[in-house]
Amino acid sequence: MATIKVAVIGVGNCASSLIQGKYHYAGSNTAAGLIHEDIGGYKVGDLEFVAAFDVDSRKVGLDLGEAIFAKPNCTKVFHADVPKTGTIVKMGAKLDGVAPHMLTAANDRGFEINDTRDAEKAEIIAELKRSGAEILVNFLPVGSQEATEFYMECALEAGLGVVNCMPVFIASRPEWEKKFADANLPIVGDDVKAQVGATIVHRVLSNLFGQRGVTIDHTYQLNTGGNTDFMNMLDRNRLASKKESKTEAVQAVIAERLADENIHVGPSDYIPWLGDNKLCFLRLEGDLFGGVPMNLELRLSVEDSPNSAAVVVDAIRCVKLGLDRGIGGALEGPSAFFCKHPPQQVTDDVAAAMTNEFIHADARLAAE
């Protein structure tokens, strides 16, 4: 198979895990840790990272294979032997992508902004075209509304499909989704749902309660972590879309929608020493047979960025299938399976079935 040429916006922890994963699985005979080893003939090792943009002075100008290990990245290094890729990280556009408090953090935890001027749209589009990129992966910080829309415009003008990992609503907003449909470019979004993360576990348990006839009265999901994502979210003004995305992902599978005061889902605090480890605390309270009360509490500990990368490698390959098949607009099955805020919310078993049907559509058609 040909390679899948990928451009990355934001060379943070998630990008680090994604790129490490390409080399880890390319040089291994194992598929352990993958949701799908093969998607339409494409394997993880077929990803080729041909363009990257960031605004941190410790990354801009470096080869991508070096930049993924630069501060403030702190995710687990599970494949240290990432070679030089030949892709140099270019200066991007800051816009609203950098919260002010991220510039004053101590101990290499925040951002150090490159002092060169921001790249203009025409320059980014030219670089995307020059690189031969087919798919743009958005890893911008939470709250980057203006910046995300800026890069989406760049993707549309350069003719790229998109994986929108962030909770800025693009695939799930009709006016934006239509732009991708009209351009015949596929998009998977919005806000990536981790492999086994807080949201997917919360959804599965909420769905289980409904299937077993337990009425949910109250529920919360509290998340803490020590990476730049959690530091960025200390600015509560950047959290509106994130909280909406996570809350709606849970509400969508509860049999009877909860009043706002009875559900709390969202980032809770930044604990620096946790690094890229994320701790999630879940509680569900409900009523069993006869109205007898019960509750369930769960503590989940995961390395945040590899948890994301496991899903992104599949989303990229599904977008590539969309490009190969000439499909434009939001890919409904993959968006529902891989993301918290897709255009169409369905239960995760239905989303998995829709995604597998999408992946195997060519084989099914050939057999008919």
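**Exercise 1.** Which residue forms a salt bridge with Asp 191, and how far apart are the closest N and O atoms?

*Solution.* The model is predicted: local features need pLDDT of at least 70, side-chain atom pairs count only at pLDDT 80 or more, and totals for chains, interfaces and linings use all residues. Residues are numbered from 1 along each chain as its sequence is written, and side-chain values use heavy atoms, with hydrogens and water left out.

Step 1. Apply the rule: a side-chain nitrogen of Lys or Arg must lie within 4 Å of a carboxyl oxygen of Asp or Glu.
Step 2. The partner of Asp 191 is Lys 242, and their closest N and O atoms are 3.3 Å apart.
Step 3. Between domain 1 and domain 2 the count is two salt bridges.

**Exercise 2.** Give the bounds of the domains and describe the interface between domain 1 and domain 2.

*Solution.*
Step 1. Domain 1 covers 4-193 + 306-365 and domain 2 covers 198-304; such bounds come from an automatic or database domain assignment.
Step 2. Taken over C-alpha atoms, the centres of domain 1 and domain 2 are 25 Å apart.
Step 3. Contact (heavy atoms within 4.5 Å) links 32 residues of domain 1 with 31 residues of domain 2.
Step 4. The buried area, meaning accessible area (1.4 Å probe) that two parts lose on being put together, summed over both, is about 2500 Å² between domain 1 and domain 2, and carbon and sulfur atoms give 56% of it.
Step 5. On the side of domain 1, the most area is lost to domain 2 by Arg 109, Val 142 and Lys 340, together 23% of what that side buries.

**Exercise 3.** Where is Pro 72 placed, and which residue does a cis peptide bond join to Pro 72?

*Solution.*
Step 1. Helices (H or I, at least four residues) and strands (E, at least two) are DSSP runs, numbered from the N terminus.
Step 2. Pro 72 sits in the loop between helix H2 (64-67) and strand S3 (90-91).
Step 3. Lys 71 is joined to Pro 72 by the cis bond, with omega about 5 degrees.

**Exercise 4.** Locate the cis peptide bond that starts at Gly 189, and the positive phi of Leu 95.

*Solution.*
Step 1. The bond runs from Gly 189 to Asp 190, with omega near 5 degrees.
Step 2. Asp 190 belongs to the loop between strand S6 (186-188) and helix H6 (198-211).
Step 3. Leu 95, a residue other than glycine, has phi near 50 degrees.
Step 4. The loop that holds Leu 95 is between S3 and helix H3 (121-131).
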